[in-house]
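Me: I should like to learn how to read packing and backbone features in a model of this kind. Where should one begin?

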Amino acid sequence: MARTADKLISNIRREVSSGILKPGDQLEVNALAERFGVSRTPIREAIRALVDYGVLETRPRKGSFVRILNAKQLFDLFQVAAELEGMACRLASLSLTECSVKAIGLELAKCKKAAEKENNIEYAMANLGFHTAIHNASGNDWLIEQLRQLQINLNSYRTMPYKIRGRIQKSTDEHRVICDAILSGDGDTACNLMRDHMMLQGKRLPTIIATLEQQKK
Ligand SMILES: [Zn+2]
């Protein structure tokens, strides 16, 4: 059984990844202790660990917040993620198993369902599931771990454009063609499509950053 602090770390990470907790949101120890039904000690421990992971940041005399990346940090992050996600597609197309084909298909179906319902939070989780299924299908453990770390910082920014009308439907369509390319063994096409899918979010960075700057004030 995982320690309380470890469970809290994964719960808070999940909330940041799904967009429930957004960049710039404050984390109050007392409120979190009440919400998760634990004492303040493991909450403080989890916050410290998440600051070390770069998910949270502390501001003097103000407390802990979900970290806000600046324009360069965000661009750099999306650039690395786009290349590694593309690489995962290429490797996945070369080493598909019955199990990985099934997992990718299942996650794509979840994306479609969430997009039909226009449920942004459900879509955020389904999106993460789809990308993770491709990472796993790559069979490269180093790559899987690098992408897992990147996703934690990336995902809260990824979910912001979902508020744009029609974006999650469009994102699902992009997932479908990526999936088709992987399953047909066309790794280069899958890689290029995935890179474009990721950088589309990158191009929205100026809007995302302006929104965050507004929230800071
Ligand atoms: Zn996606």
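Reply: Begin with contact: two residues are in contact if their C-beta atoms, placed from the backbone, lie within 7 Å. Bear in mind that the model is predicted.

Me: With which residues is Ile178 in contact, leaving aside its neighbours within four places in sequence?

Reply: Ile178 contacts Cys89, Ala190, Leu193, Met194 and His197 once those neighbours are set aside.

Me: How many residues does the largest nonpolar core have, and which have the most contacts inside it?

Reply: A nonpolar core joins buried residues of nonpolar type through C-beta atoms within 7 Å. Here the largest one has 38 residues, and those with the most contacts inside it are Ala88, Cys89, Ile134, Ile178, Ile182 and Ala190. At least two residues of this core come from each of α4 (71-94), α5, α6, α7 (141-158), α8 (167-183) and α9 (187-203). The most is given by α4, with 10 residues. Another core lies apart from it; its 13 residues include Leu8, Ile12, Leu27 and Leu50.

Me: Which sign does phi have at Arg61, and where does Arg61 lie?

Reply: Arg61 is not a glycine, yet its phi is positive, at about 60°. Arg61 sits in the loop between β2 (56-59) and β3 (63-66).

Me: Why does Arg61 count as exposed?

Reply: A residue is exposed if 12 or fewer other C-beta atoms lie within 10 Å of its own. Arg61 has 5 C-beta neighbours inside 10 Å and therefore counts as exposed.

Me: What is the case at Glu118?

Reply: Glu118, also not a glycine, has a positive phi of about 55°. The loop between α5 (98-117) and α6 (120-138) holds Glu118. Because Glu118 has 13 C-beta neighbours inside 10 Å, it counts as partly exposed.

Note on methods: Residues are numbered from 1 along each chain as its sequence is written. This is a predicted model: local features need pLDDT of at least 70, side-chain atom pairs count only at pLDDT 80 or more; totals for chains, interfaces and linings use all residues. Helices (H or I, at least four residues) and strands (E, at least two) are DSSP runs, numbered from the N terminus. A residue is buried if 20 or more other C-beta atoms lie within 10 Å of its own, exposed if 12 or fewer, and partly exposed in between; C-beta atoms are placed from the backbone.
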